[in-house]
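Q: Please take one part of this structure and look at it closely. Then connect it to its surroundings, for someone who has not seen the structure before.

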Amino acid sequence: MFDVLIIGGGVSGISCAMVLGSAKKKAFVTDKKIGIFTHQKTSALQEALFNNAYGIAPGKLGSELLIESVDHLSNTYPHIIQIPEEKILKIEGVYPEFTVVTNKNSYQTRNIVIGIGSANTFAIEGLMQFVEPHKKALPEKQRIQLKNTDHKVAEGIYAVGTLAGWRSQLAIAAGSGAAVATDLLTLWNDGIQTHSHDSIR
């Protein structure tokens, strides 16, 4: 049983995983089992070029960033379980016992974070009732989002990045993933507001 499974290896999903990974030493996180599906084939970053993203050298390709971010997660937070090359087909159950069904396996988890972009090809069975037109995208792009309040779609289910209704900017997507990570940390800390910072002190 996972405590959280993150669906999506793009900016918002990896950002969520990194913040959760950095909190490993907190007493209420040490026993948590965290996993991420790192499927990246359809990520918008595959065709991206970054010149306007904070902390990223101008000219960085999104395709490079995808590879580097997964390596970063592996090397810095190896306790985060990476599940590559699996496509999510269905989500069953209710909080706190979900089953995530992929094209290869099924997994049990207490919480789910979904960050797979806002393409109208979204087809995860069990979540279709939450799909609505994207409120911050041009209508002709036919983007979708999942109905949510402050990222929360339903008890135990969170959307991040453009799937949560945010605009397609790297900094926004990263912040969205980090925000949900801190919401999960707060949940695990018995509702006491929590975040995770790295420090040289």
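A: Threonine 99 is the part to start from: leaving out residues up to four places away in sequence, threonine 99 touches Lys90, Ile91, Glu92, Ser106, Tyr107 and Gln108. The model is a predicted one. Threonine 99 sits in strand 7, a strand that runs over residues 97-102. Three of the residues it touches, Lys90, Ile91 and Glu92, carry numbers that fall in strand 6 (88-94). On the other side in sequence, threonine 109 comes ten residues along the chain from threonine 99, and the C-alpha atoms of the two are separated by 6.4 Å.

Between strand 6 and strand 7 there is a loop, and proline 96 lies in it. The peptide bond that leads from tyrosine 95 into proline 96 is cis, with omega near 5°. Most residues other than glycine have a negative phi, and most peptide bonds are trans.

The loop before strand 6 also holds a residue to note. Glutamate 85 is found between strand 5 (81-83) and strand 6. Its phi is positive, about 55°, although glutamate 85 is not a glycine. Is glutamate 85 buried or exposed? Glutamate 85 has a relative accessible area of 60%, so it is exposed, the cut-off for that class being over 50%. Glutamine 142 also has a positive phi of about 55° and is not a glycine. Its place is the loop between strand 10 (131-133) and strand 11 (144-146).

Strand 10 leads to proline 133, which lies in that strand. Proline 133 counts as exposed because its relative accessibility is 61%. Apart from residues up to four places away in sequence, proline 133 touches Arg143, Ile144 and Gln145. Two of those residues, Ile144 and Gln145, have numbers within strand 11. From proline 133 to valine 153 the sequence separation is 20 residues, and the C-alpha to C-alpha distance is 15 Å.

Serine 118 belongs to the loop between strand 9 (112-114) and strand 10. Which residues does serine 118 contact, leaving aside its neighbours within four places in sequence? They are His134, Arg143, Ile144, Thr162 and Leu163. Arg143 and Ile144 are also among the residues touched by proline 133. Serine 118 has a relative accessibility of 9% and therefore counts as buried, since the limit for buried is under 20%.

Serine 118 also brings in the largest pocket, whose volume is about 1200 Å³. The lining of this pocket has 47 residues, and those closest to its centre are Thr42, Ala44, Ile116, Gly117 and Ser118. Strand 6, which came up at the start, is one of the elements that each supply at least two lining residues, along with helix 1 (11-22) and helix 3 (170-188). The largest share, four residues, comes from helix 3. By type, the lining of the largest pocket divides into 23 nonpolar, 18 polar and six charged residues.

The second largest pocket holds about 610 Å³ of space. It is lined by 26 residues, of which Val11, Ser15, Met18, Leu170 and Ala174 are the closest to its centre. Helix 1, helix 2 (62-76) and helix 3 each give at least two residues to this lining. Here the largest share is six residues, from helix 1. The lining residues of the second largest pocket split into 14 nonpolar, eleven polar and one charged.

These parts can now be set in the whole. The protein has three helices and 13 strands, and 48% of its 201 residues count as buried. Its C-alpha atoms fill a box of roughly 45 × 40 × 30 Å, taken along the principal axes. The radius of gyration is 16 Å; this agrees with a compact globule, because 201 residues packed in that way would have a value near 17 Å. Contacts between residues at least 6 apart in sequence join residues at least 24 apart in 58% of cases. The protein exposes about 10800 Å², and carbon and sulfur atoms supply 52% of that area.

Key. Residues numbered from 1 in each chain as written. Predicted model: local features only at pLDDT ≥ 70, side-chain atom pairs only at ≥ 80, totals over all residues. Heavy atoms only, no water. Buried < 20%, exposed > 50% of the residue type's maximum accessible area, 1.4 Å probe, protein only. 1 Å grid on protein atoms, 1.4 Å probe; cavity = no way out; pocket = protein on both sides within 12 Å on 5 of 7 lines; lining within 4 Å. Points joined across faces, edges and corners; volume = space filled by probe spheres on them. Nonpolar A, V, L, I, M, F, W, Y, C, P; charged D, E, K, R; others polar. Rg over C-alpha atoms; globule rule 2.2 N^0.38 Å. Contact = heavy atoms within 4.5 Å. Areas by Shrake-Rupley, 256 points an atom, 1.4 Å probe, with all protein chains shown as cover.
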